[in-house]
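The following paragraphs offer a guided reading of a protein chain. Please keep the sequence and the structure in view while reading.

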Amino acid sequence: MENYYKTDQILIPSETAMKKLSLAKLLAGILVSVGILLLEYLMLYMFTMIYVPLRDLNMETISMAGTSVKSITNGIFTYKEIIGTGLFLNLLAVISTALITMLASFISKNRFITIILLITFILITTFSYPFDTIFHNFGDHLFLGNMLHTNDFFLIFRYGNSPEPYGLWNGIFYSWKTIIVLFWMIVDIMITLIVWKISKKHVVKNH
């Protein structure tokens with residue numbers, strides 16, 4: 001935006017100002033994204049309390065007609081575990097999406113290109129399952145759109161060759177949820193460091 005409004009020549013001479021400004025933009029983008037998501041959750045909570053009041057989230061899941069909970073193995077997980085995991089994964093997906101968007105915008109300096117590329121990437125990876133089809137694993141849930149499929153992380157027995165959210169390595173069971181969370185936390189930290197590093201470069205364009 002500084003380049004668009006031709007104010008970059010004023011800001012760039014101060015190295016501290018550019019670094020702080022870049023980090024402040026990342027924080028603002030994250031807060032706006034999380035704020036919108038929390039507003040959506042608030043609306044869902046209000047309607048839930050009106051039509052299906054929440055009484056005990058520690059209750060084990062049971063099959064109920066017309067709900068997606070019926071696909072989860074009964075009596076193993078509680079509603080608190082499922083809702084808590086969903087909230088956390090959704091927040092992480094939103095934060096990661098915001099950071100990737102801001103990084104693309106920071107590098108390309110073109111809003112139109114950034115929006116087209118990000119929307120195309122999210123749509124393709126959300127509605128197609130290349131890893132699932134080829135390798136029959138849970139790798140597709142590394143993509144941000146598929147992280148929102150909360151119930152998938154709690155399915156013990158699925159269709160014949162469908163991926164499972166748990167694996168076995170050296171005699172130790174692991175959850176894909178843990179791998180996905182660690183992966184995107186590392187990616188988010190790397191994006192922040194990249195933006196901070198690039199913002200230290202002083203490049204003044206002739207307007």
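A residue is called exposed when its relative accessible area is over 50%, buried when that area is under 20%, and partly exposed in between. Phe-127 has a relative accessible area of 66%, and it is therefore exposed. This residue lies in helix 4. In sequence, Phe-127 and Gly-145 are 18 residues apart, while in space their C-alpha atoms are 8.5 Å apart. The model under discussion is a predicted one, and every value given here was computed from it.

The overall plan of the chain may be considered next. The chain contains six helices and two strands. Followed along the sequence, these elements occur in the pattern α-α-α-α-α-β-β-α. The chain has 207 residues, of which 30% count as buried. If one takes the contacts in the chain with a separation of 6 or more, 57% of them are accounted for by residues 24 or more positions apart.

One buried position is found in helix 2, which comprises residues 15-51 and includes Ser-22. The relative accessible area of Ser-22 is 6%, so this residue is buried. When residues up to four places away in sequence are not counted, Ser-22 touches Phe-106, Val-195 and Ser-199.

Attention now turns to helix 3. This helix has 30 residues and reaches 43 Å from its first C-alpha to its last, which is close to the 44 Å expected at 1.5 Å a residue. Just after helix 3 comes Lys-109, which takes a positive phi of about 55°.

How do helix 3 and helix 4 pack, and at what angle? Helix 3 spans residues 79-108 and helix 4 spans residues 111-127; the two pack at an angle of about 145°, and their axes are 9 Å apart. Their crossing is right-handed. On the side of helix 3, the contact is made by Thr-97, Ile-100, Thr-101, Ala-104, Ser-105 and Ser-108, and on the side of helix 4 by Thr-114, Leu-118 and Ile-122. Sorted by character, the residues of this contact are four nonpolar, five polar and no charged.

Aromatic rings form a further topic. A pair of aromatic rings is described by two quantities, the distance of the centres and the angle of the planes. Rings are counted as a pair if their centres lie within 6.5 Å, and a pair is edge-to-face if the planes are over 60 degrees apart. By this rule there are two aromatic pairs.

Why is the pair of Phe-121 and Phe-143 described as it is? The centres of their rings are 6.2 Å apart and the planes stand at 85°, so the pair is edge-to-face. This pair links distant parts of the chain, since Phe-121 is in helix 4 and Phe-143 is in the loop between helix 5 (130-135) and strand 1 (166-169), 22 residues apart. Phe-121 has a relative accessible area of 38% and is therefore partly exposed. Phe-143, with a relative accessible area of 17%, is buried.

The other pair is formed by Phe-183 and Trp-184, with 5.2 Å from centre to centre and 85° between the planes; this pair is edge-to-face. Are these two residues buried or exposed? Phe-183 has a relative accessibility of 38%, so it counts as partly exposed. Trp-184 has a relative accessibility of 7%, so it counts as buried.

Technical notes:
Residues are numbered from 1 along each chain as its sequence is written. This is a predicted model: local features need pLDDT of at least 70, side-chain atom pairs count only at pLDDT 80 or more; totals for chains, interfaces and linings use all residues. Side-chain values use heavy atoms; hydrogens and water are left out. Axes are lines fitted to C-alpha atoms, for helices over the stretch in contact, and angles run from 0 to 180 degrees between N-to-C directions. Helices (H or I, at least four residues) and strands (E, at least two) are DSSP runs, numbered from the N terminus. A crossing is left-handed if the near helix is turned anticlockwise from the far one by less than a right angle, and right-handed if clockwise. Contact means heavy atoms within 4.5 Å. Ala, Val, Leu, Ile, Met, Phe, Trp, Tyr, Cys and Pro count as nonpolar, Asp, Glu, Lys and Arg as charged, and the others, Gly among them, as polar. Rings of Phe, Tyr and Trp (its six-membered ring) pair if their centres lie within 6.5 Å; planes under 30 degrees apart count as stacked, over 60 as edge-to-face and the rest as tilted. Buried means under 20% relative accessible area, exposed over 50%, partly exposed in between (1.4 Å probe, protein chains only). The expected span of a helix is 1.5 Å times one less than its number of residues.
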